[in-house]
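Visitor: Could you take me through one part of this structure slowly? I'd like a close look at the place where the two chains meet, and at what lies behind it.

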Amino acid sequence: MTDHHDLPGRGHGGSAVLDRGGPPRRPRDPGPASTPSWRHRLSRWDLKVSPYLYVLPFFGVFAVIGLYPMLYTGYLSFFSWPRFGTAHGDAVGWANYAHVLQDPVFRKALVNTIGIFLLSSVPQIIVATLVAALLDMNLRGRSWWRMSVLLPFVVAPAATALIFGSLFADKSGLVNDVLGGLGLSPVHWHGDRFASWTAIATMVNWRWTGYNALILLAAMQAVPRDLYEAAAMDGASRVRQFVSVTLPSIRTTMMFVIITSTIGGLQIFTEPRLFDTNLQHQGGADYQYQTLAMYVFNTANSAVDPYPRAAAAAWLLFLLIIGFALLNFVLTRALQRRSLA
Amino acid sequence: MTRRPRPLVYALLAAFVLGSAFPLYWSFIIGSVTRQRASQNPPPLLPGGHFLDNASQVFDRIDFWSALLNSILISGFSALSVVLFSTLAGYSFAKLRFRGSNAAMVFVVMTMAIPPQLALIPLLKEFSNLGLTGTHFAVALPWLVTAFGVFFMRQYLVDAIPDELIDAARVDGCSMIRTFWTVAVPAARPAMAILGLFTFMQVWTDFMWPLLVLQGSDVQTLQTALDQLKIAPGQTLTDMALLQAGTILATVPLLLLFIATGRHLVTGIMQGAVKG
């Protein structure tokens, strides 16, 4: 089935889908129309051009809102551009990058971003896999359970941040109240660096764990059931079946989930921005939870060379994302090879 | 075939669902007590009777109804646009043969890794040069067609339309676009509905782009209005009760949509995954 679709129409002699206008076929009725009619030519043209025409809107939109701005951002990062200037000034080489890389706030934002990302992706993927395994059982009210785990997905990140900002409020928040009830001292969720990362990561985990669980569940349901039966006959326990049958079978989907959460996690903006209790939007009094995406946004409003420096920071963020995505890819491949060997 | 799972499984799942629902309940509690009560210890655990008071304050503070209408218009328009263009492109990638098709599809998928921050500044400049900042159109433009949409429709249509059907339509003398309309669209309808729903939610919950492009404008979406609720002028302390009432009001429309269509959303997410 798959090969058939990878090569659409191959083996269907004379398929319209296949016909790319190679050597003209012998006319079915050798009538008077020896030269192709206007109608025929139009249909040929239609056949040739339509596939390109249908994908054109995507590439057109991407060129205008993706590719051009991205390249222009790169170009801009090598110039000066005074605040309120109407056009960019002189070329300054790598100065903007040097400035950003030496900026202590950028360095802090880099560490914050990676910290929040790790706290939000590692537990999330582990819990999502476990929830998916539970959902994969022969449950009563299956579709109800599936819908329920998706509930947080309808809450916008902005709303999520406001709700958790209240749950994690330093003075009157529920979390500190519960901690107090357990005899623990209250945590400065907004002040302490690691605590603020935890609070922000909790928002991300809350919103995305169920969603990722459903994706992993779909992969688990595609595992042939007789694999489990064979494993059970060999005396493998439930846990053993999960480790040696389920996990290896879903690794492609797992990689998909890991890479998409890496891309999303490193771009985090809304949650930390709205978690802020002061109105400066700098990610805490001491920038303790300012992320790179916030840094880009804030730099674009700063005093000196706002656009070029924000542009340089945006490219650094992009490189970081590519770096992490490649790292994921390489690590997963290496793990696979080891498990196959 | 397989036996029903043990009660422990249900208990664990129930705990997870409870954790998923609780923050919404908490938001409603805080949104329904007075401002003073919201900042007292111990925190309230049951809803109070002030939700309507708080809600009416929200309506005074921000133009909630126009933000709601804007969100509906922008998300609805984007959903239609994404569905139309993604179905066209997805159909072309899945069923038509053209030079460079595979490479182009890989390219589409790779564009998903580009962070939006990379495009913010030039886009904002372009838009302000064209006098488009602060308009509905400016919010919707990045959402005319998405890489995810194209990918999703391609994955669905590969299996959903037999090649023979397309051939038959062509033999009958249908033009390409007519073939698309009479063969592909009916087959794609379930996936189109799911993609529309999904896009609607994505655009609805988007924050950074509308925040930037609607800065200082009368046009606001629900999400940016929430942001304004937080930084209301002349305020020293955030009014938590007001803020949570606003959060609940802004969440209810999607919650209703979710209750009506959640089943399809689940199917869609799971379908996109298996083939992805």
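Guide: Let's start right at the meeting place: 86 residues of chain B are in contact with 88 residues of chain A, where contact means that the C-beta atoms of two residues, placed from the backbone, lie within 7 Å. On the chain B side, helix α13 (residues 240–275) gives the most, with 17 residues. Helices here are DSSP runs of H or I with at least four residues, strands are runs of E with at least two, and both are numbered from the N terminus. Sorted by class, this side of chain B has 58 nonpolar, 18 polar and 10 charged residues. Ala, Val, Leu, Ile, Met, Phe, Trp, Tyr, Cys and Pro count as nonpolar, Asp, Glu, Lys and Arg as charged, and the others, Gly among them, as polar.

Keep in mind that this is a predicted model, in which local features need pLDDT of at least 70, side-chain atom pairs count only at pLDDT 80 or more, and totals for chains, interfaces and linings use all residues. Residues are numbered from 1 along each chain as its sequence is written, while chains are lettered from A and ligands numbered from 1 in the order in which they are written. For the complex, the predictor gives an ipTM of 0.90 and a pTM of 0.87. Chain B has a mean pLDDT of 88, and 95% of its residues reach 70 or more; pLDDT is the predictor's confidence in each residue, from 0 to 100. Within chain B, confidence is lowest in helix α2 (residues 35–38), at a mean of 80, and highest in helix α4 (residues 64–95), at 95.

Now step back to chain B as a whole: it has 13 helices and 0 strands. Its C-alpha trace spans about 75 × 65 × 30 Å along the principal axes. An unreviewed UniProt entry annotates several stretches of chain B as "transmembrane region", including residues 7–26 and 241–260; positions are given in the numbering used here, feature names are shortened, and annotations may be inferred rather than shown by experiment. Residues 241–260 of chain B are 100% helix and 0% strand, with end C-alpha atoms 28 Å apart. Residues 7–26 of chain B are also 100% helix and 0% strand, and their end C-alpha atoms are 28 Å apart.

Of the 276 residues of chain B, 49% count as buried, meaning that 20 or more other C-beta atoms, placed from the backbone, lie within 10 Å of a residue's own (12 or fewer is exposed, in between is partly exposed).
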